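Me: Could you take a close look at the aromatic rings in this structure and walk me through what surrounds them? I am in my first year, so please take it step by step.

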Amino acid sequence: MSRTVPRRRASRGDRSDGTSGKRAAAPPPTPALAYVEDVEDSREEPVEEPLEEPVEEAEPVREEVVPGPTVAEIRVKVGKDDESRHPWWATSSWCLVVLAGLACLVAALVPVGPDWLDGVGAVAVCSAYTWGLAARTGGRPVVFGGLALVLGVGVLLADESYLRTGAAVMTCVVSAVLAVMLTVPGERFAVVARECCLAVLVAAIGALAVVGFDPVLSLVRFEYVTLGLSLVSVLVLVYRLGAGWHGLGRRGLIGVLVGGAILAMLLLYAELLRRYGPPDLVTTLLDGVRSSREHLGAFPRPILAVLGVPALAWGVHMRARRRQGWWLCAFGVAGTTAVANSLVNPAISLRECGLSVAYGLAVGLLIGYAVIRADTALTGGSGGGRRADGRTAVRPEPPRSAALL
């Protein structure tokens, strides 16, 4: 029997009973040839392979460079952010409180009305300015405005000279910083001049509130203390608005260094001249100041005309394109502080003080215009004139009634 034929094992049913003693006959074997043919047929079955579809060749992609404006020349218009804007009734109420306080201060200067009008007006302006500064910088206006109101009322009720002087210092600092924070970017120089005038106006109202507290002070010490506190406060805010030190950039760093050098030179030169200046030089300078007062009615304050207004104008113009402009606006607080503490000098009349601020603003705007033109001419190439008009401003900023942070 062939080995290729499978063997079949018998089951219990195929066996005989035990009496016969013989095995049952095996079934007839399957032919070996038939089994092998069946195996070969199963191996030789053809496998159907899928037909390959022809692949179409893709057309080559060609890129074409189309000449057009560069990134710096693209103008982007961003809609107003209504979510960050304060409600109209809150802004209107704030303006009404400021105007009411201003009316009380003006009535006390005339004088018209009771003697306590100046104190009430000073507390109203100080509280409103504190509320506005907190709202503008993303703080808690209700908390800080209410705290300023409570402290102001406490100062009036206590009627102590050192408390009145402290309230005057706080009002001067808040007014100077708020005047800078309320500005918005200016694409054209007309807008820049408008923002500088607004900052001076806000600081001037604060100056009336400062004298409304009737402080007892040393003039030079008061000016230095308010300037130092205002500069530190605005630098802390600008550090966040200008994205920290790494957000300075080359232009911002140059502006900070130049502004710091001018500020140090003005302060040190004035102090050295006051203490150790030669008598002839001091006499010549005083003669020039007296001549300006006789012919023009006043003499512009140097720190306002040389540093404060030009730095603010340059910063407002730069903020329309770069956030580094905030670092330049920080030195504008030197001018707003000079306006806010201008009325504490009893030797200068109200008319002369107003003319001095107006002359300083005019001279500062002229210097600021020259600085802006020089900046755009040096950095803008052949299109400096167009860029000076603000046609390439692409940086949005929250509106005046919205929070900056």
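Reply: A charge is said to sit over a ring if NZ of Lys or CZ of Arg is within 6 Å of the ring centre and within 35 degrees of the ring normal. In this predicted model, the charged end of Arg319 sits over the ring of Trp326, at 3.8 Å from the centre of that ring.

Rings can also meet one another, and the structure holds two aromatic pairs. One of them is formed by Trp94 and Tyr129, which are stacked, with 6.3 Å from centre to centre and 25° between the planes. This pair links distant parts of the chain, since Trp94 belongs to helix H2 and Tyr129 to helix H3 (residues 117–136), 35 residues apart. Tyr129 has a relative accessible area of 2%, and therefore it is buried, because buried means under 20% relative accessible area.

Phe189 and Tyr369 also form an aromatic pair, but this one is edge-to-face, with 4.8 Å from centre to centre and 75° between the planes. Because Phe189 lies in helix H6 (residues 189–212) and Tyr369 in helix H13 (residues 350–380), the pair ties together parts that are 180 residues apart in sequence. Phe189, at 25% relative accessibility, counts as partly exposed, and Tyr369 counts as partly exposed at 38%.

Terms used. Residues are numbered from 1 along each chain as its sequence is written. This is a predicted model: local features need pLDDT of at least 70, side-chain atom pairs count only at pLDDT 80 or more; totals for chains, interfaces and linings use all residues. Side-chain values use heavy atoms; hydrogens and water are left out. Rings of Phe, Tyr and Trp (its six-membered ring) pair if their centres lie within 6.5 Å; planes under 30 degrees apart count as stacked, over 60 as edge-to-face and the rest as tilted. Helices (H or I, at least four residues) and strands (E, at least two) are DSSP runs, numbered from the N terminus. Buried means under 20% relative accessible area, exposed over 50%, partly exposed in between (1.4 Å probe, protein chains only).
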